[in-house]
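Got your viewer open? Here's a short walk through a few spots worth selecting, one stop at a time.

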Amino acid sequence: MRLCMCVCVCVFLHCVVCPDKIPGLQPWTPGFSEAHHVTIGYGRKVLLISSATVHSIEIVNGGKLVIADTNRPILLRTKHILIGNNGELHIGSPDCPYKGNLTISLYGRSDDSDVEHSYFGRKYIGVGTGGTLEIHGEKTLSWTFLNKTLHPGEGNENSYHFERSWGNRGIIVHVVDSKTGEVLQSDRFDTYRSKDESRRLAQYVEDVKDGQILAMVVNDEGSNNLEDSAKKALSKLGSRHFHRLGFRYLSLSLSLSLFLSLPLQIFGFLYVLELADEPQGWRPGHQLVVASTDYSMHQAEEFSVLPCPTCNTSTRKPAFQHMGEMVDGVDMRAEVALLNRNILIQGEVEPACYGSESCKFFTFDTFGGHLKHGFKAVHIQGVEFVHMGQQSMGHYPVHFHMNGNVDQRGGYDPPTYVKDLSIHHTFSRCVTIHGSSGLLVKDVVGYDALGHCFFTEDGPEERNTFDHCLGLLIKAGTLLPSDRDSKMCRGITDGAYPGYVARPRQDCSATSTFWIANPNNNLVDCAAAGSEETGFWFIFHHVPTGPSEGMYSPGTTEHTPMGRFINNRAHSNYRAGMILDNGVKTTEANAKDKRPFLSLVGARYGPHQDADPLKPRVPALIHHFVAYKNQDHGAWLRGGDVWLDDCQFADNGIGLTLASGGTFPDDDGSKQEVKNSLFVGESENTGMPEPDRRIWGPGGVDHRGRTLPRGVDFPIRGMQIYDGPINVQNCTFRKYVSLEGRHTSAFGFRLNNSWQSCPNNNVTDITFDSITSRVFFGEPGPWFSSMQMDGDKTTIFHDVDGSVSEYPGAFLVKEDNWLLRHPNCIDVPDWRGAICSGHYAQIYIQARNPASLNLRMVKDEYPDRPLELVGALGKRNQYQQYQPVVMLAKSYTVHWDKPAPAEITVWLINFNRNDWITIGFCYPKGTTFSIISDIHNRLTKETRKTGTFIKTAQRDKISHMLLFLKVQAHNQKDDFSFCSAKGCERVKIKAVIPRGSAPSDCMTEAYPKYAEVPVVNVPMPKKLPRSRLVKMDLNGLFVMISSIYFLTHFPQCSSAQFPVNGKKIYQSEDGVHLTVLDGHSGQVLEKKGFRNAVLMGIPAQIENYISSLKNE
């Protein structure tokens, strides 16, 4: 029997219905009347099918407005759109993006007579409680990277590039086809040697056909016999320069002059942009912005996309260079962003600023539109926002205000997001998140904005994700002190207490592309490509402010673990690529603190599990961060545990500074580290001069002209060691090259530093490539000042494996700090330091009554080499603190410039069990003492007494006496803490000092009586054998080309010169001169000069000479 079975297969297809095709929508054509107040409510559902102008639109009580997706552009003009309870506005959907061209234009002036909404204000799209806003434009590539460098004034498609070669003196001419850029003919006219050549040039110019391009440069010299006939011929073609041609004019700048014999519209500067990604949705007529890849954010440039069958092209001659490649191992590719979308929301503005306080600072109208949410559902994608935001609080282009959790935690399915937005030429921020958490901000471009661009406001904003967002050209605004520049900070004193005097760099001046008020937010694949101050700034609100008041307990954000921070980049910022530091003032101004509310203040970040300081510490992880061309810092990061891995720092004034998480004794220590990272001092991205040339000068390995971060003499540093402890491991330092008058080093120290320095700053597995100075401790002079602050004198770090000093386990110390030295230390004059061995720790001396004294500390082994300390705090402080680093198992004495303080507390820092020193404090004769030893627990604030001493013996009947203490630790220190888990061990001395006592200086009584013979407790390590050195410092052949250009920037030099091991070698004759040095000893082996008179043959002669040198 045959059994037949019938199998039925059912296929269910998801049918996408576009919002404007849903049945039941009523076609709507409201017409054009600015007096027409529209209300869509009570279940009414309408479809806008044509352009319209109305006064306002309110969608409430089940009303629904859908915009028709038509072939005809739609322009909707209105003063505001209010989406109220159960109201809906739909433009496309996620599965059916809007394909037409829609513009929503918000009009109105700030001085209109209309009554403004109590919550939304004026000129807005507002989504109230229970409202729904769905906007979904066409999907586009929001931004990508340039994959081939754009050079200023050059094209790469049907364009012409002049390449000059050596050996051709005079005026060199190319005739170029205006359509293809092909060189049709070329010639050279030696107008230096012969007037006949000048006449031949004049005839040559006359013979050039109309429509062709004449390109000329001058090589070496072309003015000596250039006659008027040639100058006139060139002037007819539009030249404005040849009548001023002088000796060697243009010979250094190599600029290209194009002289057109008639106006040409066919020949343009046409560029094919080679991009990292397929430019989906980029069309002819669209505007692009290419980010700066130099120090100035103002080198960002806009271009228009042109028709091209097989490529994406843009037109307009670039004024600046934009990198499109890896440079010295660092990804410096310029970001390229699309500014246009097929849905445009814009604010209509007046031609100039009017009737506003902001007119003191801006010439243009800053009263744009804004979009604010308090909603049932909001999803926005594929929208362009232009002229949005207002210079008033709460009115921003895209604003999520007090929405709580907007993801699944808050019941939102799908979670709330904004994607693929272009927000440009705005008047107040880009995207603001206030009291809202869980928002996804993805593929958003913010360009040319006032105030913080991507802005989290009060502190409770958590779990928000900024994914592949770009901000560039972010300028100062007036709203908050942190938004303001120096002029605004001084000019806006609202909220300040009478008598307030602004300090802009301390109170204000923090404009940032990403302003993150709670560390528990995610930043992935984002770029901060140019801000007036900082790229990424993590700031801390000790308590939440404004409408967020009471949403978390005091200090929570300072202990909250950081969210994901992966693959972000920052460049072309003034202050820093990234800052993790500071807080905002959360109290109103008063007589004690006159600063306005929300001014910048100090804060300390120490992340712990669950934001609970009693639970284990949690590191803040920063992975693959790229920071280049930031004028001050690549990154300044202060925190208890901040770990960087696989990062890149290049062309920053200072690459990276890791600052400790707090102030001892309130800080529990930290473990800060940077691993597997690259530091580049001066890369091959030399930039180009700005008109004022303030930061242009010689630099780099070849001393070529280049943009500089701060000035021609600014001491560029890679890793700046501040307080610590830090760990630098498996990092490469490349191209840190000093010049005469400018100290550059791979490792450096914070300038003008009054703070502590930690002996547990560990450095290991370091590689150097093209370095002239591995370390520089500083010296008195420009930028370093007098080097008399406490931190300037106590710098130290531990070279664990000898990869810096070549002595494994050695410590590098400042050369004149004899508290840390012994007889076998090795001086390194170029570093202004010494290589030493030993066991080191710190003591923290806290002095009261008075707190204004200077301290002199002397090591008994070197009584003639005291260390003078003035204290880390101001002289008017209630107490003073001194934090010298000491060599353990040694004896010291302490002296004062006035009678000794009545109260002294000595804390032991970085002492392990049984570590000790002996220290004698100088007091006037007749002083009586009360001495207590105890252990202080930082977290519980509990103190446990361990000993009491009442009587002390006076050693001699002298005018002064020394109170000797042997301070020894009895508990083992935690690995990365200053003290043990039980607390910090300390000794407290209270003294009753006789009135009228002289300064407590016991030097004459103490020495030579207590002087000791210097002893090396820890032998110096053996130097690494050459076979184990990973050494790529600059050595071997040193070639320097003398130039007037160098002397222009260093006028103190009367002739070309360069130093070798501290000895200057001079060359006063004209021409090109080569000096050959022994790469190890610096001995001059030979010299060779090439005079200008034989310039034509110089390149070949130099090449032959260098080829003949033996590499021994």
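**Stop one: a pair on a helix**

Select Arg199 and Asp196: their side chains meet in a salt bridge, with N to O at 2.7 Å. Keep in mind as you go that this is a predicted model. Now show the ribbon for α1, residues 195-207; arginine 199 and aspartate 196 sit three residues apart in that helix, so about one helical turn separates them. How exposed are the two partners? Arginine 199 counts as partly exposed because its relative accessibility is 43%, while aspartate 196, at 53%, counts as exposed.

**Stop two: more salt bridges**

Next, pick Glu357 and Lys360. Their side chains also form a salt bridge, at 2.9 Å from N to O, and both residues are exposed.

Then jump to Asp827 and Arg821, where the closest N and O atoms of the salt bridge are 2.8 Å apart. Buried or exposed: which word fits Arg821? With a relative accessible area of 4%, arginine 821 falls under the 20% cut-off, so it is buried. Its partner, aspartate 827, is partly exposed at 44%.

For a group selection, take Asp294, Lys629, Asp651, Glu682, Arg706 and Arg742: salt bridges with shared partners link them into one network. The count of salt bridges for the model comes to 49.

**Stop three: a loop asparagine**

Go to Asn567, in the loop between β40 (565-566) and β41 (569-571). Asparagine 567 has 31% relative accessibility, so it counts as partly exposed. Which residues does it touch, leaving out those up to four places away in sequence? Select Asp525, Cys526, His623 and His624 to see them. With histidine 624, the asparagine 567 side chain makes a side-chain polar contact of 3.5 Å. Add Leu523 too: it lies 44 residues from asparagine 567 along the chain, yet their C-alpha atoms are 8.4 Å apart.

**Stop four: the second largest pocket**

Finish at the second largest pocket, which holds about 1,500 Å³ of space. To centre the view, select Gln506, Asn582, Trp636, Arg638 and Arg750, the residues nearest the pocket's centre among the 33 that line it. Colour the elements that each give two or more residues to this lining: α4 (504-507), β42 (576-584), β43 (600-601), β46 (633-638) and β54 (717-721). Which of them gives the most? That's β42, with four residues. Recolour the lining by class and you'll get 14 nonpolar, eight polar and eleven charged residues.

Technical notes. Residues are numbered from 1 along each chain as its sequence is written. This is a predicted model: local features need pLDDT of at least 70, side-chain atom pairs count only at pLDDT 80 or more; totals for chains, interfaces and linings use all residues. Side-chain values use heavy atoms; hydrogens and water are left out. On a 1 Å grid over the protein atoms alone, a cavity is a set of points where a 1.4 Å probe fits but cannot get out, and a pocket is an open set with protein on both sides within 12 Å along at least five of seven lines; lining residues have an atom within 4 Å of a point. Grid points are joined across faces, edges and corners, and a volume is the space filled by probe spheres set on the points. Ala, Val, Leu, Ile, Met, Phe, Trp, Tyr, Cys and Pro count as nonpolar, Asp, Glu, Lys and Arg as charged, and the others, Gly among them, as polar. Buried means under 20% relative accessible area, exposed over 50%, partly exposed in between (1.4 Å probe, protein chains only). Contact means heavy atoms within 4.5 Å. A polar contact is a pair of N or O atoms within 3.5 Å; within protein, one must be able to donate a hydrogen and the other to accept it, and residues adjacent in sequence count only if both atoms are side-chain atoms. A salt bridge is a side-chain nitrogen of Lys or Arg within 4 Å of a carboxyl oxygen of Asp or Glu.
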